[in-house]
Amino acid sequence: MAKGDPGGTTRSRRAAPRSKKGATGDPELVQLLTPDGERIESHTSPDGTEYRVDFTDEEYRGLYRDLVLVRKLDAEATALQRQGELGLWASLLGQEAAQVGSGRALRTQDMAFPTYREHGVLYCRGIDPIMPLGLFRGVDQGGWDPNEFKFNMYTIVIGAQTLHATGYAMGITMDGKTGTDDGEAAIAYFGDGATSQGDVNEAFVWASVFNAPLVFFCQNNQYAISEPLERQTRVPLYQRAAGFGFPGVRVDGNDVLASYAVTRTALDNARHGQGPSLIEAYTYRMGAHTTSDDPTRYRIASEVEAWQAKDPITRVKAFLEKQQIADADFFAEVDEQARRESVHLRERVLDMPNPEPVTMFDHVYPNGSPLLDEQRAQFTRYMESFEGSAH
């Protein structure tokens with residue numbers, strides 16, 4: 001687990017100066033680790049905000065371990081769905097850095113509101129990776145306690161979680177839990193396609209006018225199911241924030257260090273009472289939108305290959321090798337750990353018991369309901385009517 005402070009001083013032997021202008025003329029994005037594994041000491045945005053990290057060697061290795069384990073567990077879940085053991089799976093392949101970087105930037109008291117793809121953030125919050133698989137296997141509705149882990153339930157309805165997060169963040173302010181270093185903040189995850197949803201734009205309005213301590217974290221993976229980004233917006237997504245009255249920043253979403261630094265800064269600003277902000281993590285969905293999707297119908301192989309050269313895990317490995325922070329034995333050990341954990345995950349999924357039909361009445365209301373009790377009794381009698389029959 002990485003615990004570094006982005007406000008610290010990065011060791012100069014691992015850093016190079018940062019050019020403030022993008023070479024391609026594209027909107028500037030925060031980057032602290034190039035695709036070739038070269039460290040950048042810091043990045044200063046046009047508004048004067050400086051982003052940097054100061055991790056120990058062990059913390060750098062921890063980030064690499066996180067990335068590899070998250071990818072391997074995600075791949076195992078995809079395989080389980082292909083073999084008929086899960087009803088559906090939404091892979092995070094290619095988006096590991098955005099999720100691990102932002103997930104590790106969260107403090108213990110911060111609350112996260114995910115979509116259905118934030119398996120990496122879930123992992124960083126200490127939740128057993130088996131939990132979302134129960135949901136996609138259809139044996140439960142998600143098994144973790146949002147209050148215990150400060151990580152809300154997966155949200156299938158596109159963009160709805162941004163309103164949940166906004167209301168929660170407004171509550172943080174009303175409870176007087178902002179304005180100090182130990183203050184609280186919330187973060188809401190969503191994709192580029194969700195920015196076209198009314199819920200998201202309404203959340204922007206409410207968060208802005210109520211100065212909610214909330215970070216909107218958009219993983220721009222270039223496609224909303226099958227629609228490319230240009231069908232969603234005519235301007236870079238992070239620039240939309242200005243129209244709602246709060247700052248926006250674009251970060252290299254395949255750079256785990258920059259994702260960490262930008263998220264930590266935004267959360268700290270929020271907890272100190274400076275209101276909401278929007279982070280656009282510019283990344284790429286390497287696989288399908290979900291396992292029911294065929295991305296070859298709407299994108300070309302050369303585009304995928306170009307993004308493979310920006311792979312978030314490859315660049316961290318290159319950095320560790322160049323700086324002699326890790327050796328072949330370390331990488332082999334991480335790969336073996338990932339293999340063991342993925343095998344264990346598979347075994348536990350296959351061992352999941354099928355729930356009794358009557359359990360669908362459980363947990364509907366926190367204190368029960370006479371009407372629900374009556375419905376449960378009726379359903380129980382109905383199910384008992386089949387006992388001893390051929391059905």
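How much space lies in the second largest pocket? In this predicted model, the answer comes to about 420 Å³. Fifteen is a fair number of names to keep in mind, but the 15 residues lining this pocket can be narrowed down: the closest to its centre are Asp140, Gln141, Thr359, Asp362 and His363. Sorted by class, the lining of the second largest pocket is a mix, with seven nonpolar, six polar and two charged residues.

Next come the cavities. Searching the whole structure turns up four cavities of 30 Å³ or more. The largest cavity holds about 110 Å³ of space, and 13 residues line it, with Leu73, Asp74, Trp89, His119 and Pro129 the closest to its centre. Who supplies this lining? At least two residues each come from H1, helix H3 (119–124) and helix H4 (130–137). H1 gives the most, with four residues. As for class, the lining of the largest cavity has eleven nonpolar residues, plus one polar and one charged.

H1 also turns up in two helix pairs, so to speak, and a little background helps here. Two packed helices are described by two things, namely the angle between their axes and the distance between those axes. Take H1 (residues 57–82) and helix H2 (residues 96–105): they pack at an angle of about 125°, and their axes are 10 Å apart. With angles over 145 degrees counted as roughly antiparallel and 65 to 115 as roughly perpendicular, H1 and H2 are therefore oblique to each other. The crossing of H1 past H2 is right-handed. On the H1 side, the contact uses Leu63, Asp66, Leu67, Val70 and Arg71, and these meet Glu96, Ala97, Val100 and Arg104 in H2. Grouped by class, the residues where H1 touches H2 come out as five nonpolar and four charged, with no polar ones.

The second partner of H1 is helix H11 (residues 312–322). Here the axes come within 10 Å and cross at roughly 150°. The cut-off for roughly antiparallel is an angle over 145 degrees, and H1 and H11 are therefore roughly antiparallel to each other. This crossing is left-handed. Tyr60, Arg61, Tyr64, Leu67, Val68 and Arg71 make the contact from H1, while Pro312, Ile313, Val316, Lys317, Phe319 and Leu320 make it from H11. By class, the contact of H1 with H11 has nine nonpolar and three charged residues, and no polar ones. Leu67 and Arg71 of H1 are worth a second look, as they appear in the contact with H2 and in the contact with H11.

H4, already met in the lining of the largest cavity, has a partner in helix H12 (residues 328–350). The axes of H4 and H12 come within 11 Å and cross at roughly 40°. That makes H4 oblique to H12, since only angles under 35 degrees count as roughly parallel. H4 passes H12 in a right-handed crossing. Three residues of H4 are involved, Ile130, Leu133 and Arg137, and they touch Leu345, Arg348, Val349 and Leu350 of H12. The class split for the contact of H4 with H12 is five nonpolar, no polar and two charged.

Conventions: Residues numbered from 1 in each chain as written. Predicted model: local features only at pLDDT ≥ 70, side-chain atom pairs only at ≥ 80, totals over all residues. Heavy atoms only, no water. Axes fitted to C-alpha atoms, helices over the stretch in contact; angles between N-to-C directions. Left-handed = near helix turned anticlockwise from the far one by under 90°. Contact = heavy atoms within 4.5 Å. Nonpolar A, V, L, I, M, F, W, Y, C, P; charged D, E, K, R; others polar. 1 Å grid on protein atoms, 1.4 Å probe; cavity = no way out; pocket = protein on both sides within 12 Å on 5 of 7 lines; lining within 4 Å. Points joined across faces, edges and corners; volume = space filled by probe spheres on them.
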